[in-house]
Amino acid sequence: MRLWLPAILALAACACRSQEAFHATEMPATPISDFVLQDQHGRPFKLSEQRGRVVVFFFGYTFCPDVCPLTLSTWKRVHDALQADTARVRFVYVTVDPERDTPEKLKTHLAIFHPGFTGLTGSPEALREVYADFGVYAEKVNIAAGASGYLVNHSTRMFVVDPRGDLRLLIDHAAPVPEVVHDLRLLLAGKK
């Protein structure tokens with residue numbers, strides 16, 4: 001028995017650590033510059049007013065044929081799984097296609113997934129500053145065929161800002177819902 005005790009304690013310690021580890025890519029706490037954009041209701045959205053909440057950002061567009069609707073579907077399931085904790089988490093969808101994503105278009109599109117999600121747009125200059133601060137890639141690509149005329153290649157990760165306003169996690173758009181919920185709850189619990 002004495003020989004097994006250290007091994008059992010080591011396994012228990014590993015199990016405890018794994019519950020405290022993020023599944024997503026953890027970033028060194030990186031402050032995000034404050035910004036103001038316009039939400040889908042025409043109201044200003046100021047990042048600094050979100051302090052005390054975890055904010056999950058995704059940069060996409062409503063005409064996106066694949067990654068964006070998948071991510072919004074994941075958000076809906078994460079939102080539902082968080083239950084009471086949803087009051088302390090915001091899901092914020094920032095357009096990479098301000099030409100077509102008007103506030104009205106964002107409002108209609110996001111309501112399909114959840115009316116509580118926030119959609120943001122703004123001037124191309126204001127949006128470019130926000131993209132740069134998060135390190136977001138977005139490039140318009142003209143297509144010869146199709147009614148949309150163009151697509152937008154863009155970053156496909158979720159960017160998670162902690163309650164202090166620091167960028168902390170990068171989450172793959174296809175991450176399993178239980179892992180996303182786990183990571184958001186760790187941030188809500190104050191994991192540093």
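A: Before we start, contact here means heavy atoms within 4.5 Å, and the model we are looking at is a predicted one.

Q: Fine, so which residues is L187 in contact with, leaving aside its neighbours within four places in sequence?
A: With those neighbours set aside, L187 is in contact with F22, V54, V160, D162, P163, R168 and L169.

Q: And where is L187 found?
A: L187 belongs to helix α5, which covers residues 177–188.

Q: Is L187 buried or exposed?
A: L187 counts as buried, because its relative accessibility is 2% and the cut-off for buried is under 20%.

Q: Back to those contacts: what is the bridge partner of V160 in β10?
A: That partner is L169, and both V160 and L169 are among the residues that L187 contacts. The strands involved, β9 (residues 157–161) and β10 (residues 166–172), run antiparallel and are joined by 5 bridges.

Q: What is the order of strands in the open sheet?
A: The sheet has 8 strands in the order β1-β10-β9-β4-β5-β6-β2-β3, and its pairing is mixed. Its edge strands, each pairing on one side only, are β1 (25–31) and β3 (44–46), while neighbouring strands are turned by 35° against each other on average, with direction ignored.

Q: Changing topic, which residues touch the most other members of the largest nonpolar core?
A: Those are F57, F59 and F134, in a core of 55 residues, and helix α5 supplies the largest share of this core, with 7 residues.

Q: What does F59 touch, not counting residues up to four places away in sequence?
A: F59 touches V94, V96, V130, Y131, F134, V136, H154, S155 and F159.

Definitions and conventions
Residues are numbered from 1 along each chain as its sequence is written. This is a predicted model: local features need pLDDT of at least 70, side-chain atom pairs count only at pLDDT 80 or more; totals for chains, interfaces and linings use all residues. Side-chain values use heavy atoms; hydrogens and water are left out. Helices (H or I, at least four residues) and strands (E, at least two) are DSSP runs, numbered from the N terminus. Buried means under 20% relative accessible area, exposed over 50%, partly exposed in between (1.4 Å probe, protein chains only). Two strands pair if DSSP finds at least two bridges between them. Axes are lines fitted to C-alpha atoms, for helices over the stretch in contact, and angles run from 0 to 180 degrees between N-to-C directions. A nonpolar core is a set of buried Ala, Val, Leu, Ile, Met, Phe, Trp, Tyr and Cys residues joined through side-chain atoms within 4.5 Å.
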